[in-house]
Amino acid sequence: MWKLLQIELFKIFKRPRTYIAFGAIAAVVFLIQIALKFDGKSYIDLLLSNLKDSFDFNDDFKLDLLNGYLICFVILNTLLIQMPLLVALISGDSIAGEANMGTLRLSLTKPISRTQYMLVKFLASVIYTVALLVWMAILALFGSMLIFGTNDMVVLRSEGIEQIKSFDVMWRYFAAFGYAAVALTTVSALSFLLSVFAENSIGPIIATMSIVIVFTILSEMNIPIYDQTVKPYLFTSHMVAWKGFFYVKADAEGTTINGSIENLPAIMRSLSILLIYIGLFFGSAVWVFRKKDILT
Amino acid sequence: MASVIEVKGLNKEFRDIKAVSNLSFSVPAGQVYGFLGQNGAGKSTTIRMLLTLIKPTSGSIEIFGMDLQKHRKEILRKTGAIIERPDLYKYLTALENLRIFGTMSGVKIPEKKLRDQLAMVGLADRANSKVKTYSQGMKQRLGIATALVHDPELIILDEPTNGLDPQGIADIRNLILHLKKDLGKTLVVSSHLLSEVELIADSMIIIDKGRKLVEGKVNDLFDPSEIVVEVKTINNETAYEKLKTSRLSQFVLSKRNDAVLLKLHREQVPAVMKEMVQMDIGILSFHSKHSLEDYFLSLTTANPHVEAAAN
C-alpha cells in the first residue's frame, strides 16, 4: 500500500501542472503582502470605516492592527474560496486522466484490487491538498509574520471587534488550517467521484467547480426558506466554519477570554457533516468503480 | 499438454449488444496462441475479460487452474499484458514507467534488471528519455517491456503490431518467438493481421461476432497443400447454386457477394477449372490464394468494403 502511495505521489509531483496551484498561491499571497506592506493603512481605514462613528482609532493602533496574523486572516478569507479549483485540478484528473492516457487499463491488469487502487489515488489527492495548505501556511502565516511582525490580532465582526492576544493566536491558525484541509478534502472527494464517470479530466473539474459555485451561491443567499431546508445540508455552508476558531467568548466586561471558542459545538457539527460528505463521495466512487467495465 | 487458460461458455452483453456469445477455448502451456477476428469480432472484449477489466455476463474463466474471479491477484501476478495501444506515462522516462509498473506487479525489481529489460526490447540507450519523445514502434516495445518486467508466465498481447512499420512488426514477431522458444512463456496474441499470426502461432481461434468459428492447431486447421480459390462470375448466386448441386460440391467452401470460394488441393485445380468452364457458369476470374488470411476470410463474414466494391 505504501509503495503504491509513493508511486501515486511520484506521478503527481512529476507533472508540471501540479505546480500551477503552488505558483498561483504564491503569486496571490505575495501580491496581497506587497499591497498591504505599501498601502496597509488605507486598507485598515477601509476595514474600520463602519466602526469609526462608534470608536476613535488612532494611527498607532491602526499600525498595530496591521500585523502578520491579520494579514494571514485576510489571505485565508480570499484564497480559501478559490482553492477548490486548485484541488479539483488534481483530484478530477486522478481517474479520468488515467483513463484518458490509457494507463488505467494497464494499471488495473496489475495484482491490485480496485478498492486498493481507489484508496491510494484518493489518499494521494488528500496529501496533495494538505501540501497546498502547508505551502499556503508557510507563505501566508509565517511569511506575513516575518514581513509584518506579530501583535494582538483583531477580528472584525458585524457586532464589533474582537481582540485576540498574540500568544492566543497560533493554535487557532493550526486548527483553522486543519479544518480547511477537511473542507478541501470534501471538494477533492466530490471531484474524485465525478472523475470515475469521465474519460478526460476537464469534465470532472468543470462539474466540480459548477457544483461548488451553485452551492456557494445558495449558501450565501439570504432567502429565509432556504435557511432551514437547504443550507444546513450543503457542504459549502460548512466549509467556511474555520472562521469560528477566531470567534472568542467574552466575559461580563466584554474582555475576550483567552483560549476560548465562541461556538465549538457548531464547528464540530460542521466538521462532522463534511466528514460524512467525504465518506459518501468516496464510498460512492469506490462502489461505482468496482462495478465499472474498463473500456478505454 | 496442460492448459494455461480454460474459458467455458463466456458471454458478455453491453445493454442490447451481445459482444461475446458462448465462447469456449483453451490455451495450451508454452505455446503462442493466436486470437483472430476482424475488427469488432469480440477479441478485445474477451481479452479484457481475461484481465478482469470487464466483468463477464456469464461463463467461467480459469487461468493457471484457478478461478479468475476468486484468485484475481494471484493470477495477475503471473500475467503480463498490453491491451490495444501501449499507453504509458508520457511525461516520465522509460525507466520510470518500467519501475512503476514493476512495483505495481508486486515485485521488487533491481535497477539492473529494469535496464536489462529495456535492452531486450532495444531501448537501452533511451532508458532516460521521456516517453513523449518515443516513436510508435518504441512505445510498442516499451509496452511489451512493461508487460514482461515482472517475469510473467502468461503474456497477453492485444494487437501488438498495431501502427508499426514492417521493421517494427518483424521486431515484435522475433521477440514473441524468443519469449516462447528461449524463455518458455505462454503467449496469447490477438490480431486482425492474420499473416502475422500465421508466422508465429502454434494454435489459434477464429472468432466472428463474438462466436467461435474454429479452434485448433494452425497446421491442422490450415493444410499448406490446400489452396483457396476465389471464383468471380457474372452471377455469383447462380454459380454457387450450380456448383453446390454438381460433382464439384465437395470443393465449395462458401459464397461471398463478390465471389464463390472453393477449397481444393493444388493438383486438382486444372480439372476443376475445366469442369467449371464446361458447366458454363460465366467465369470472370479465377484466383488462387494460399494463406491463412484466405481461410479466415472464407470463414468470417465478408468485409463490407469488399462487398460494396464488388456490387
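Leaving aside neighbours within four places in sequence, with which residues is T103(B) in contact? In this predicted model, T103(B) is in contact with K3(A) and I7(A). Both partners belong to chain A, and they serve here as a way into the interface between the two chains.

T103(B) is part of helix α3 of chain B. The residue counts as partly exposed because 19 C-beta neighbours lie inside 10 Å, whereas a buried residue needs 20 or more. A second position in chain B gives a sense of distance: D182(B) is 79 residues away from T103(B) along the chain, and the C-alpha atoms of the two are separated by 25 Å.

The helix around T103(B) can be taken next. α3(B) is mostly covered, with 8 of its 11 residues buried. The buried positions are A94(B), E96(B), N97(B), L98(B), I100(B), F101(B), G102(B) and M104(B). What do these buried residues pack against? On the chain A side, the partners are α1 (2–14) and α6 (103–107). Within chain B, the partners are α4 (111–120) and α5 (136–148). The buried residues of α3(B) therefore pack against helices of both chains. Just after the helix, G106(B) takes a positive phi of about 85°.

From the helix, the view widens to the whole interface. Here 22 residues of chain B are in contact with 19 residues of chain A. On the chain B side, the elements that give two or more residues are α2 (72–77) and α3 (94–104). Of the elements on that side, α3(B) gives the most, with 4 residues. By residue type, the side of chain B that touches chain A divides into 13 nonpolar, 3 polar and 6 charged residues.

Chain B as a whole has 12 helices and 14 strands. Its C-alpha trace spans about 75 × 40 × 35 Å along the principal axes. Of its 311 residues, 39% count as buried. Among the contacts in chain B between residues at least 6 apart in sequence, 70% join residues at least 24 apart.

One local piece of chain B can be followed strand by strand. Strand β12 (residues 252–255) and strand β13 (residues 260–265) of chain B pair in the antiparallel sense, over 3 bridges. A hairpin of 4 residues joins β12(B) to β13(B). K255(B) stands opposite V260(B), which is in β13(B). In a regular strand, side chains alternate between the two faces of the sheet.

Chain A has 12 helices and 2 strands. How are these elements ordered along the sequence of chain A? The pattern reads α-α-α-α-α-α-α-β-β-α-α-α-α-α. The C-alpha atoms of chain A fill a box of roughly 70 × 45 × 30 Å, taken along the principal axes. For 296 residues, a compact globule would have a radius of gyration near 19 Å, and the 21 Å of chain A agrees with this. In chain A, 39% of the 296 residues count as buried. Of the contacts in chain A with a separation of 6 or more, 76% are between residues 24 or more positions apart.

To return to the starting point, T103(B) sits in α3(B), the element that gives the most to the side of chain B that touches chain A. Its contacts with K3(A) and I7(A) are part of an interface in which 22 residues of chain B meet 19 of chain A.

Technical notes: Residues numbered from 1 in each chain as written. Chains lettered and ligands numbered in written order. Predicted model: local features only at pLDDT ≥ 70, side-chain atom pairs only at ≥ 80, totals over all residues. Contact = placed C-beta atoms within 7 Å. Nonpolar A, V, L, I, M, F, W, Y, C, P; charged D, E, K, R; others polar. Buried ≥ 20, exposed ≤ 12 C-beta atoms within 10 Å, placed from the backbone. Pairing = 2+ DSSP bridges. Rg over C-alpha atoms; globule rule 2.2 N^0.38 Å.
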